[in-house]
Amino acid sequence: MLFGRRIDLAKKRAHRPWRLSAKLLIASSVATVIGFSAICANVMLDMRRGEEELARQMLENLAAGIDADIGRNIELYDLSLRAVASNLVMPELKDVSKEIRHLILFDRAASAKHFGAIQVFDASGRLWIDASSLDPRPENRADEEYFAVHRSNPDEGLFVSRPMLHRGAYAIVLSRRIADPEGRFLGVAAGSIRFSYFHELFDRLNLSADDTITVLRRDRTIIMRKPFNLDVIGKNLATVRTWSANNLKPTGSYAGQGPVDATPRLYVRRDSGGPLYVVVGKPLEAIFRIWQREVIRIGAIMTALILFVLGTTFFLGREISRRAQAEDKLEELATTDALTGLKNRRKFDLDIDTEWRRAVRSRTPVALLMIDADHFKSYNDNYGHQAGDQVLVGIAICISDSVRRAGDCGARFGGEEFAVLLPGFSVTEAHAVAENIRHKVAHWSEEPEVTTVSIGVASMMPSAGLDWPDLIAAADKALYAAKANGRNQTVVANVPQLAMVA
C-alpha cells in the first residue's frame, strides 16, 4: 500500500506542469525588445553610413571633375607661358619685326574668352611685349607679388598669384620667370585666368544652395569659392587657428564645421598635384535628410510596437501573477489540513519522500514521531464534535510550538493521529521533541477532561533494504506500544530488531 503511494507521488512529481513566472515573462520581453531595438539601431547606423558613403562618392566625382578641368586649363596656359619664355631668349628674335616677333611668340598661345593676353615684363618690371597690342601702353609691375617672387627665386616654376584686380577684371595671374642660358633674370611672362571662367564652370553644375566649391592655392589661400563672397576670396586658411590642415588631407574627407562658416558639412578634397586643389562640401543636414525621415518613421513604428509588447507583457504578467497566487492558494488548500492548519497526509507523503532521498545522499538520519490523542473517541462522544475539534487544534498548536525548523514537517496523519518529520535528528533528539510535545499537550488546558497523547518515535539511517515506509511502520509500532502500555507516554522503536522499549 505504501509502496503504491510512493509510485503515485513520483508520477505526480514527474507530471507537475511547469509554471511560467511573471518576472521571467517580463524579463524575456524586455530582453527581446532590447535585442530588436539594438538590431534596428544597427540597421539605422548602417543606413547612415551608406548615405554618407554615397554622398562622399558623389562629392569625390564632382571634385575630380572640377579639378581636372581647372588643371587642364592651367596646363594649357602654362604651355603658352613656357613657349614665350623659351622663345624670348632666341638670338634671332632681336633682328625681326614686331609682327614677326608676335607671330613667333604667340602663334601657339592658348586663347579663350576667359584667358587674358600674355604680357612680358623686362628685368625692371616695365611692360615690354603685350600679346594684345604691337604698341602696348607703358606699365610697370615691379611691385607685384608674382614679379618679386620670380626675381628673388630662380627655382620658382609656374606661379599662381592671389586673386586680384588685373586689367579691369578679377582674375588670378599665372607667370613664369624668363632667364638667359646663364640663368640671369631677364623678366617675367605673365597671363591671367578671369573669375568668369570659374563662375561659368560652377554654373554648369547642379548644386544645392548650401553646397560649396572652394579652389585653393598650395599655401591654402582661397582662389575662388561658390557661393561667391569677396570677403572670403583671397583669405589664407593658415591664419584660421580653429582649423588644422590635418583635418582634410589630400584625397581625404572630413565631416564637421569647416574653416569658413559654421555650417557642418561633409568636405572632400581632390588634389592632382597641380598648383591648385579643389574642396567640395555638402551640408550634413542635406545628406542625412532622407535618412532622418526614415529614422523618425521607423522609430515611431518601433516605439508603437515596443509600447504594445511591453503593455501586453505587463498585462499578461499581472494575469500570470494572479494565476500563480491562485495556484499557490489552491496548493496551500490542497496540502493543508483545514481544521488544524498543519500539513495534510498528501503533503506529508511528499515531504517524507523528499527528505528520505536527501538523507540517502547526505548519509544523515531521519526521525519520525507518530502522535495519537488518547481516549479521543469517548471524549468526542461525551462533549461533542466541536469540543473534539478544539482538542485537535490544541494538539496541533503544541506540535507547531515544538517544531520550528524549516525542514521539519508537522502533519495531521488522519483522524486524531498526527505525524512529525524531523530530518537529521537522532533518536535521542527526536525523543526530546516528543516529550516536549507530550508535556505541552498535558498542560494545554486546565480541564482534567482534556485528552493526553501517546507518541511513537523512530529514527533511521537510510541504507540498502530500507525505505521511508519502514520508518513509518517502526514509529507506528512504537505508538501502538505506547497505547498498550497505558497511554500518555513516549515509546522509542528499536529499529534493528523493531523491538519496542519504553
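Is Glu-355 buried or exposed? With a relative accessibility of 13%, Glu-355 counts as buried. Keep in mind as you read that this is a predicted model. Below you will find its salt bridges, its cysteines and one of its sheets. The whole structure contains 38 salt bridges, but zero disulfides.

**Salt bridges within a helix**

- Let's stay with Glu-355 for a moment: its side chain meets that of Arg-358 in a salt bridge, with 2.6 Å from N to O.
- Both residues belong to helix α8, which covers residues 345-362, and because they are three residues apart there, about one helical turn separates them.
- While Glu-355 is buried, Arg-358 is partly exposed, with a relative accessible area of 39%.
- Another salt bridge links Asp-78 and Arg-82, whose closest N and O atoms are 3.2 Å apart.
- Asp-78 and Arg-82 sit four residues apart in helix α2, so about one helical turn lies between them.
- Here again you can look at how much of each partner is accessible: Asp-78 has 8% relative accessibility and counts as buried, whereas Arg-82 has 44% and counts as partly exposed.

**A salt bridge between separate parts of the chain**

- Asp-69 and Arg-204 also form a salt bridge, and their closest N and O atoms are 3.8 Å apart.
- Asp-69 is in helix α2 (residues 22-87), while Arg-204 is in the loop between α5 (195-203) and β7 (212-217), so this pair ties together parts that lie 135 residues apart in sequence.
- Asp-69 counts as buried, at 13% relative accessibility.
- Its partner Arg-204 counts as exposed, at 52% relative accessibility. The cut-off for exposed is over 50% relative accessible area, which is why Arg-204 falls in that class.

**Cysteines without a disulfide**

- What keeps Cys-398 out of a disulfide? The nearest cysteine sulfur, that of Cys-409, is 17 Å away, and a disulfide needs two cysteine sulfur atoms within 2.5 Å.
- Seen from the other side, Cys-409 is in no disulfide either, and the nearest cysteine sulfur to it is that of Cys-398, 17 Å away.
- Cys-398 is buried, with a relative accessible area of 5%.
- Cys-409 counts as buried too, at 2% relative accessibility.

**An open sheet of five strands**

- Five strands make up an open sheet, in the order β8-β7-β11-β10-β9, and their pairing is antiparallel.
- At the edges you will find β8 (222-226) and β9 (253-257), each of which pairs on one side only.
- On average, neighbouring strands in this sheet are turned by 20° against each other, ignoring direction.
- One pairing to trace for yourself is that of β9 with strand β10 (residues 264-270), which runs in the antiparallel sense over five bridges.
- Gln-257 stands opposite Pro-264, a residue of β10.
- Helix α5 packs on the sheet, where it touches β7 and β8. The direction of α5 makes about 35° with that of β8.

**Putting it together**

- Two of the topics meet at α5: this helix packs on the sheet, and the loop between α5 and β7 holds Arg-204, the salt-bridge partner of Asp-69.
- Helix α2 is a good place to look in the structure, as it holds Asp-69 and also the pair Asp-78 and Arg-82.

Notes: Residues are numbered from 1 along each chain as its sequence is written. This is a predicted model: local features need pLDDT of at least 70, side-chain atom pairs count only at pLDDT 80 or more; totals for chains, interfaces and linings use all residues. Side-chain values use heavy atoms; hydrogens and water are left out. A salt bridge is a side-chain nitrogen of Lys or Arg within 4 Å of a carboxyl oxygen of Asp or Glu. Buried means under 20% relative accessible area, exposed over 50%, partly exposed in between (1.4 Å probe, protein chains only). Two strands pair if DSSP finds at least two bridges between them. Axes are lines fitted to C-alpha atoms, for helices over the stretch in contact, and angles run from 0 to 180 degrees between N-to-C directions. Contact means heavy atoms within 4.5 Å.
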